[in-house]
Amino acid sequence: MSDHDAVLFANEAFYTAFRYRDIAAMEEAWATAVPVTCIHPGWDALRGREDVMASWKSILGSDNAPKISCRAPRAHVYGQSAVVICFEEIGGDYLIATNVFARDGARWRMVHHHAAPTDGEPADDSETESNPIN
């Protein structure tokens, strides 16, 4: 598998964990050997694995956790790091997200996630589209 495809796979694993509220899979999606950060919509920046994972435990453990799917992910690999820009679809509305990955051992793992409101939506000509998980 190419690095490009492996990064898209890691990105999809993150959204699968999110969609299914699977905290163990979410913990696997995030790097352990390098510092991590996260900015949820409307939140301050979270720094450090402990704070980032606590936020995901809170979100995924909530009865109000959003049903989410990733749309139009575009990966850009830069040596040992990579960025995926994508849209998050939640109930027919969209957020735009930046997901940053780094090699963590033999795997690509997330080191930063930032989602924010957008008035845009995915273009039909995306290089790789991710199917929603039903």
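Biologist: How many salt bridges does the structure hold?

Modeller: There are 6 salt bridges in it. Keep in mind that this is a predicted model.

Biologist: What makes E28 and R109 a salt bridge?

Modeller: Their side chains meet at 3.2 Å, N to O. The cut-off is within 4 Å, so the pair qualifies as a salt bridge. E28 sits in helix α2 and R109 in strand β6, so this contact ties together parts that are 81 residues apart in sequence.

Biologist: Why is E28 called partly exposed?

Modeller: Its relative accessibility is 41%. Buried means under 20% and exposed means over 50%, with partly exposed in between, so E28 falls in the middle class.

Biologist: And why does R109 count as buried?

Modeller: R109 has 13% relative accessibility, and the limit for buried is under 20%, so that is the label it gets.

Biologist: Which other residue meets R109 in a salt bridge?

Modeller: D104 does, again at 3.2 Å, N to O. Both D104 and R109 are buried. Salt bridges with shared partners join E28, D104, R107 and R109 into one network.

Biologist: How do you know that R71 and E89 form a salt bridge?

Modeller: The N to O distance between their side chains is 2.8 Å, and anything within 4 Å counts, so they pass. This pair links distant parts of the chain, with R71 in strand β3 and E89 in strand β4, 18 residues apart. E89 counts as buried because its relative accessibility is 17%.

Biologist: Let's turn to the sheet. In what order do the strands come?

Modeller: The 6 strands form an open sheet in the order β2-β1-β6-β5-β4-β3, and the pairing is mixed.

Biologist: What makes β2 and β3 edge strands?

Modeller: β2 (46-47) and β3 (68-78) each have a single partner strand, so one side of each is left without a neighbour in the sheet.

Biologist: How do you know that β1 and β6 pair?

Modeller: Pairing takes at least two bridges, and 3 bridges join β1 (residues 37-39) to β6 (residues 107-117), so they count as paired. These two strands run parallel. One bridge partner to look for in β6 is H112, which goes with T37.

Biologist: What makes β3 and β4 a pair?

Modeller: They are joined by 9 bridges and run antiparallel; at least two would do, so they clearly meet the rule. In β4, S81 is the bridge partner of Y78. The hairpin of β3 and β4 has 2 residues between the strands, and G79 there takes a positive phi near 70°.

Biologist: Why is V84 called buried?

Modeller: V84, found in strand β4, has 0% relative accessibility, so it meets the under 20% rule. Beyond its neighbours up to four places away in sequence, V84 touches V7, N11, P73, R74, A75, A97, T98, N99 and F101.

Biologist: How do you know that the span of α1 agrees with what a helix should have?

Modeller: At 1.5 Å a residue, its 17 residues should span 24 Å, and the end C-alpha atoms are 24 Å apart, so the two agree. The residue R21, which follows α1, has a positive phi near 55°.

Biologist: Which residues of α1 are buried?

Modeller: A6, V7, L8, A10, N11, F14, Y15, A17 and F18 are. What covers them includes α2, α3, β3, β4, β5 and β6.

Biologist: How many residues does the largest nonpolar core have?

Modeller: It has 34 residues, and those with the most contacts inside it are F14, F18, M26, W30 and W56. The elements giving two or more residues are α1, α2 (23-29), α3 (49-60), β3, β4, β5 and β6. The largest share, 8 residues, comes from α1.

Biologist: What is W56 in contact with?

Modeller: Leaving aside neighbours within four places in sequence, W56 is in contact with F14, F18, I23, M26, W30, C38, H40, G61 and H113.

Biologist: One last label: why is A25 partly exposed?

Modeller: A25 lies in helix α2. Its relative accessible area is 27%, which is neither under 20% nor over 50%, so A25 is partly exposed.

Terms used: Residues are numbered from 1 along each chain as its sequence is written. This is a predicted model: local features need pLDDT of at least 70, side-chain atom pairs count only at pLDDT 80 or more; totals for chains, interfaces and linings use all residues. Side-chain values use heavy atoms; hydrogens and water are left out. Helices (H or I, at least four residues) and strands (E, at least two) are DSSP runs, numbered from the N terminus. Buried means under 20% relative accessible area, exposed over 50%, partly exposed in between (1.4 Å probe, protein chains only). Contact means heavy atoms within 4.5 Å. A nonpolar core is a set of buried Ala, Val, Leu, Ile, Met, Phe, Trp, Tyr and Cys residues joined through side-chain atoms within 4.5 Å. The expected span of a helix is 1.5 Å times one less than its number of residues.
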